[in-house]
Amino acid sequence: MDLGAYILSEYIPAKPLVCNLEVCFTGGEQTPTKVCAQLKCGDVLKFPFARLDSKPRSVEIKESKVLVAVDKATETKRVVELTLESTFDYQPGDTIGILPNNKPEQVESLLHRLELLDQADANCHFKIALNCAKKNAKLPAHIPATTSPREILTHSLSLNFVPQKQLLSALAGFTNDDKERCFLSCLSSKQATEHYQSLILEQGLLFMDILKLCVNCRPSLAFLAEHLPRLLPRPYSIANSPLEDGDRKLRVIYSLLSQRPGVTTSMLEAAAQQSSPEHPNKVVIYPRISNQFRYTNQDLGSNQILIAVGTGLAPFLGFLAHKEELMKQQSQQESGHSWLYIGAKTPKAILKREKLLAWHQSSLLERLRICYSRGESPIYVQEMLEEDCDDLVKFLMKPETVLYICADGAKISQSIASGLSRCLQKALHLTEEEASQVFKELKTQGKYREDVWL
Ligand SMILES: Cc1cc2nc3c(=O)[nH]c(=O)nc-3n(C[C@H](O)[C@H](O)[C@H](O)COP(=O)(O)OP(=O)(O)OC[C@H]3O[C@@H](n4cnc5c(N)ncnc54)[C@H](O)[C@@H]3O)c2cc1C
């Protein structure tokens with residue numbers, strides 16, 4: 001890419017971020033370990049939505065299984081199921097947080113750029129700079145009191161994030177190349193909003209991509225420690241029932257992008273591939289606070305309408321496995337009816353298709369409807385819902401029915417919600433506004449529960 005093409009003749013750079021920290025190397029070296037640096041930060045560091053009674057812990061990968069193979073022709077993503085050791089109680093629908101780490105190759109290349117390869121594992125700490133003008137300058141809570149450059153770049157700091165303008169403006173001060181300096185300053189300016197829009201927001205250039213483009217840009221470690229965002233845990237839905245194989249295990253299912261896979265999914269993929277029953281690899285997880293999106297023993301008598309797209313089927317596999325186990329345990333109790341609507345690209349992309357068909361055959365799933373976006377009509381879930389409109393609304397309006405939607409994207413959830421709204425209008429003879437009022441009521445009554453994976 002020619003940086004010159006993005007430099008305007010006139011522009012005013014954004015106000016650059018300043019560095020308020022200093023790094024002190026204290027002598028001695030750390031032995032690089034796999035322990036996540038964020039676990040060394042003490043109780044001041046909070047983990048998003050963590051249950052109050054649990055802390056993140058390193059757990060073994062017991063097994064990994066490919067559920068869906070990648071298929072370039074249909075843009076089908078690879079989907080993998082991981083069985084992990086569990087140290088807490090859970091119910092189907094609950095979620096865990098997984099702490100990611102950055103790729104070792106990426107960390108190595110950044111250490112090289114910062115000219116810190118010789119001190120990569122050297123003990124260091126950060127302190128507020130003596131000349132710091134900022135009154136309330138603080139040390140980042142996600143950096144341990146004693147650490148090393150490799151440790152924080154691996155576990156504490158996000159390297160793949162959307163760079164803000166003030167950060168770009170500051171990066172301009174860390175290069176001795178005129179073209180790079182002008183490119184970074186210009187990109188941070190109001191005048192270059194169109195370039196920022198196309199390069200950063202549309203083409204998706206992340207912080208590390210900017211460093212790749214500006215080969216002479218060498219920000220200081222102290223600056224990065226202060227201004228790179230925290231590497232945050234990602235949520236994953238539990239995809240099994242604790243009654244299936246004891247609550248000492250849990251399963252999660254993730255999908256992996258073929259091009260530019262994400263940080264956590266890349267880490268899980270590498271960890272699973274290097275793990276064996278003799279030498280199990282570990283990942284750091286914690287249980288997140290539960291919400292209404294779960295299926296517990298009390299739900300056996302109620303009805304569910306389950307709607308999923310793609311990997312969004314994961315929590316429902318847990319719901320249905322739980323129902324199966326409860327039905328075995330409490331054969332005298334009458335169980336409710338479950339309907340499942342799923343959309344995927346192709347038949348091969350349906351997670352655990354055989355199991356779903358078996359559940360349908362045994363009537364555990366009273367209704368099973370599947371559509372394929374690369375197949376014949378209906379291709380979208382909302383079209384199937386509209387086809388079943390009258391039945392569906394009648395079933396939904398029963399007091400003991402709850403509708404759950406899980407999709408990996410806000411747009412998909414919105415399209416499904418619009419489809420449902422059309423069903424309400426048609427079946428109950430309502431106007432659009434009246435249907436949206438009914439929708440709101442369903443939500444407040446807890447009859448419409450949604451999990452959107454953004
Ligand atoms: C409540 C909740 C439950 C979730 N449960 C699951 C689950 O059970 N299984 C699951 O796979 N995900 C689940 N997610 C999404 C998950 O938390 C991550 O966002 C996802 O795995 C990507 O994480 P990453 O760190 O690999 O990607 P990042 O590095 O954070 O992502 C970089 C970019 O790539 C996109 N991206 C990365 N991977 C994918 C992908 N596979 N498909 C589409 N876009 C992608 C991201 O959206 C982002 O724009 C859930 C999210 C929420 C909020």
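**Exercise 1. Classify S363 and E115 by exposure, and describe their backbone conformation.**

Solution. In this predicted model, S363 has a relative accessible area of 54% and is therefore exposed, since the exposed class begins over 50%. S363 is located in the loop between α10 (353-361) and β11. Its phi is near 70°, a positive value in a residue other than glycine.

E115 is treated in the like manner. Its relative accessible area is 57%, so E115 is exposed. The residue sits in the loop between α1 and β5 (122-128). E115 is not a glycine, yet its phi is positive, at about 55°.

**Exercise 2. Determine the geometry of the aromatic pair F47 and Y286, and state where its members lie.**

Solution. The structure holds 12 aromatic pairs. In the pair of F47 and Y286, the centres are 5.7 Å apart and the planes enclose 55°, which makes the pair tilted; stacked would require planes under 30 degrees apart, and edge-to-face over 60.

Next, locate the partners. F47 belongs to the loop between β1 (21-29) and β2 (57-68), and Y286 to strand β8 (residues 282-287); the pair thus links distant parts of the chain, 239 residues apart.

Then consider burial. F47 is buried at a relative accessible area of 13%, and Y286 is buried at 1%.

Finally, inspect the face of the F47 ring. R230 lies over this face, at 5.1 Å from the ring centre.

**Exercise 3. Repeat the analysis for W339 and F395.**

Solution. W339 and F395 form a stacked pair, with 4.1 Å centre to centre and 20° between the planes. W339 is part of strand β10 (residues 338-344) and F395 of helix α12 (residues 389-396), so the pair ties together parts that are 56 residues apart in sequence. W339 counts as buried at 6% relative accessibility, and F395 counts as buried at 5%.

**Exercise 4. Describe the surroundings of the ligand, beginning with its shell of residues.**

Solution. The shell comprises 18 residues, of which the closest are P235, Y236, I253, T264 and T265. By class, the shell divides into 10 nonpolar, 5 polar and 3 charged residues.

The polar contacts follow. Oxygen atoms of the ligand are approached by a backbone N or O atom of S237 at 3.1 Å and by a backbone N or O atom of V263 at 2.8 Å. T265 contributes a polar side-chain atom, which lies 2.5 Å from an oxygen atom of the ligand.

As to coverage, the ligand taken alone exposes 910 Å², and the protein buries 74% of that. The elements giving two or more residues to the shell are β6 (234-237), β7 (249-256), α8 (263-274) and β13 (448-452).

**Exercise 5. Is N102 buried or exposed, and which backbone oxygen lies 2.8 Å from its side chain?**

Solution. N102 is positioned in the loop between β4 (95-99) and α1 (104-113). Its relative accessible area is 1%, so N102 is buried. A polar atom of the N102 side chain lies 2.8 Å from the backbone oxygen of L157.

**Exercise 6. Identify the peptide bond from S377 to P378 as cis or trans.**

Solution. Omega is near 0° for the bond from S377 to P378, and the bond is cis. P378 is found in the loop between β11 (367-372) and α11 (381-387).

Notes
Residues are numbered from 1 along each chain as its sequence is written. This is a predicted model: local features need pLDDT of at least 70, side-chain atom pairs count only at pLDDT 80 or more; totals for chains, interfaces and linings use all residues. Side-chain values use heavy atoms; hydrogens and water are left out. Rings of Phe, Tyr and Trp (its six-membered ring) pair if their centres lie within 6.5 Å; planes under 30 degrees apart count as stacked, over 60 as edge-to-face and the rest as tilted. Helices (H or I, at least four residues) and strands (E, at least two) are DSSP runs, numbered from the N terminus. Buried means under 20% relative accessible area, exposed over 50%, partly exposed in between (1.4 Å probe, protein chains only). A charge sits over a ring if NZ of Lys or CZ of Arg is within 6 Å of the ring centre and within 35 degrees of the ring normal. A residue is near a molecule or strand if one of its heavy atoms lies within 4 Å of it. A polar contact is a pair of N or O atoms within 3.5 Å; within protein, one must be able to donate a hydrogen and the other to accept it, and residues adjacent in sequence count only if both atoms are side-chain atoms. Accessible areas come from the Shrake-Rupley method with a 1.4 Å probe; for residues, only the protein chains shown count as cover. Ala, Val, Leu, Ile, Met, Phe, Trp, Tyr, Cys and Pro count as nonpolar, Asp, Glu, Lys and Arg as charged, and the others, Gly among them, as polar.
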